[in-house]
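Pull up the model and keep the sequence beside it. We'll walk through the site around the ligand and then visit a few residues elsewhere in the fold.

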Amino acid sequence: QMGLKTTLLGKEIHYFEEVTSTNSIAKEIAASEEEGTLVIAEVQKGGRGRLGREWISPHGGIWMSVILKPGIPLRHASRLTLVAGLAVANVIRNMDLDARIKWPNDVRINGKKVCGILTEAKAEVDKVDYVVLGIGINVNMDLKDIPESFRAGSTTLKAELGRHIKRVSFLQDFLFELEQQYILFKTQPFSHILNDWLALSDTIGREVKVTTPSRIIEGKAVGVTPDGALVIKKADDTKEEIIAGRCIYARS
Ligand code: BT5
């Protein structure tokens, strides 16, 4: 098809020039698709981040959603965010760039975001019917294609490497890596993946401020639970686990 090195991921690919959001399309078709189906688009007009935020998706990036059917409990779905972040970081590190992961879903180079991940799941009682793993990677865009308000915190692979990246071969390498990590996810204790993730994350040990829809928690990030929740030690020495939120590093 496009020279993929995978056996599961990308067996079926739905390719679009322009969509609202690949995650939205993937969710619409997920029930009738086999695991591994990919939705990919050149441009997203309504790319979504978490909690209603937008994801800028002009020409030159990789905007894709992977449909997975891991048959896991819903509370474990957020683990797949970590799996995807690890796979993205590994592939970028293979290009000699120092990619780091910021909890829960940002892959960054020199403190600038190059990739975001949006995991959405549908569950019957507690078991997931499907998980849609939405992955956006800034590959060949010019930084001027990113609105000024986001530009300072963003980067692209092209900007970091100073050259154009062949998106098809990048995608082949990424899908191969993601498939390897997904196989490990299904066959090994999650602690193995978590350890690899922790080794590439720059969040633990930092003073952070995490915003959730209901409140703001400040303190030191001291760990990640097996479900991917961030453990924060607050000023009064009590600990809190946060499963989802926006994390900002305090200056220090
Ligand atoms: C994310 O949300 O980082 C998840 C992004 C997921 C995008 C993929 S693309 C394929 C699939 N289809 C979709 O519709 N979505 C997925 P969050 O952590 O909420 O971060 C959003 C924030 O990142 C925004 O508020 C901006 O500050 C910043 N941002 C937006 N677009 C960006 C870009 N292209 N590069 C870097 N930062 C960006």
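**Around the ligand**

An oxygen atom of the ligand sits 2.8 Å from an N or O atom in the side chain of Lys-113. That pair is a polar contact, meaning two N or O atoms within 3.5 Å; inside the protein, one must be able to donate a hydrogen and the other to accept it, and residues adjacent in sequence count only if both atoms are side-chain atoms. Arg-53 does something along those lines: an N or O atom of its side chain is 2.7 Å from an oxygen atom of the ligand. Thr-22 faces a nitrogen atom of the ligand instead, with a polar side-chain atom at 3.2 Å. On its own the ligand has 790 Å² of accessible area, and the protein covers 95% of that (Shrake-Rupley method, 1.4 Å probe; for residues, only the protein chains shown count as cover).

A word on what you're looking at: this is a predicted model, where local features need pLDDT of at least 70 and side-chain atom pairs count only at pLDDT 80 or more, while totals for chains, interfaces and linings use all residues. Residues are numbered from 1 along each chain as its sequence is written, and side-chain values use heavy atoms, with hydrogens and water left out.

Now zoom out to the shell. In total 27 residues surround the ligand, and the closest are Ser-21, Arg-48, Arg-53, Lys-113 and Asn-138 (a residue is near if one of its heavy atoms lies within 4 Å). By type, the shell splits into seven nonpolar, 13 polar and seven charged residues. Here Ala, Val, Leu, Ile, Met, Phe, Trp, Tyr, Cys and Pro count as nonpolar, Asp, Glu, Lys and Arg as charged, and the others, Gly among them, as polar.

Which elements supply at least two residues of this shell each? They are helix H1 (22-29), strand S3 (62-68), strand S6 (112-124) and strand S7 (127-137). The largest share, four residues, comes from S6. These labels follow DSSP runs numbered from the N terminus, with helices (H or I) of at least four residues and strands (E) of at least two.

**Behind the site**

Thr-22 has another partner: its backbone nitrogen lies 2.8 Å from a polar atom of the Gln-44 side chain. Gln-44 belongs to strand S2 (residues 38-44), and its side chain also makes a polar contact with the side chain of Ser-57, at 2.9 Å. Gln-44 counts as buried because its relative accessible area is 10% (buried is under 20%, exposed over 50%, partly exposed in between, with a 1.4 Å probe and protein chains only).

**The loop between S4 and S5**

Head next to Trp-103, in the loop between S4 and S5. With a relative accessible area of 1%, Trp-103 is buried. A cis peptide bond joins Trp-103 to Pro-104, with omega about -5°. Asn-105 shares that loop, between strand S4 (99-102) and strand S5 (106-109). Asn-105 is buried too, at 5%, and its side chain reaches the backbone oxygen of Ile-117 at 2.8 Å.

**Two unusual phi values**

Most residues other than glycine have a negative phi, and most peptide bonds are trans. Asp-96, though not a glycine, has a positive phi of about 70°. Asp-96 lies in the loop between helix H2 (79-93) and S4 and is exposed, at 74% relative accessibility. Asn-110 also has a positive phi, near 50°. You'll find Asn-110 in the loop between S5 and S6, exposed at 63%.
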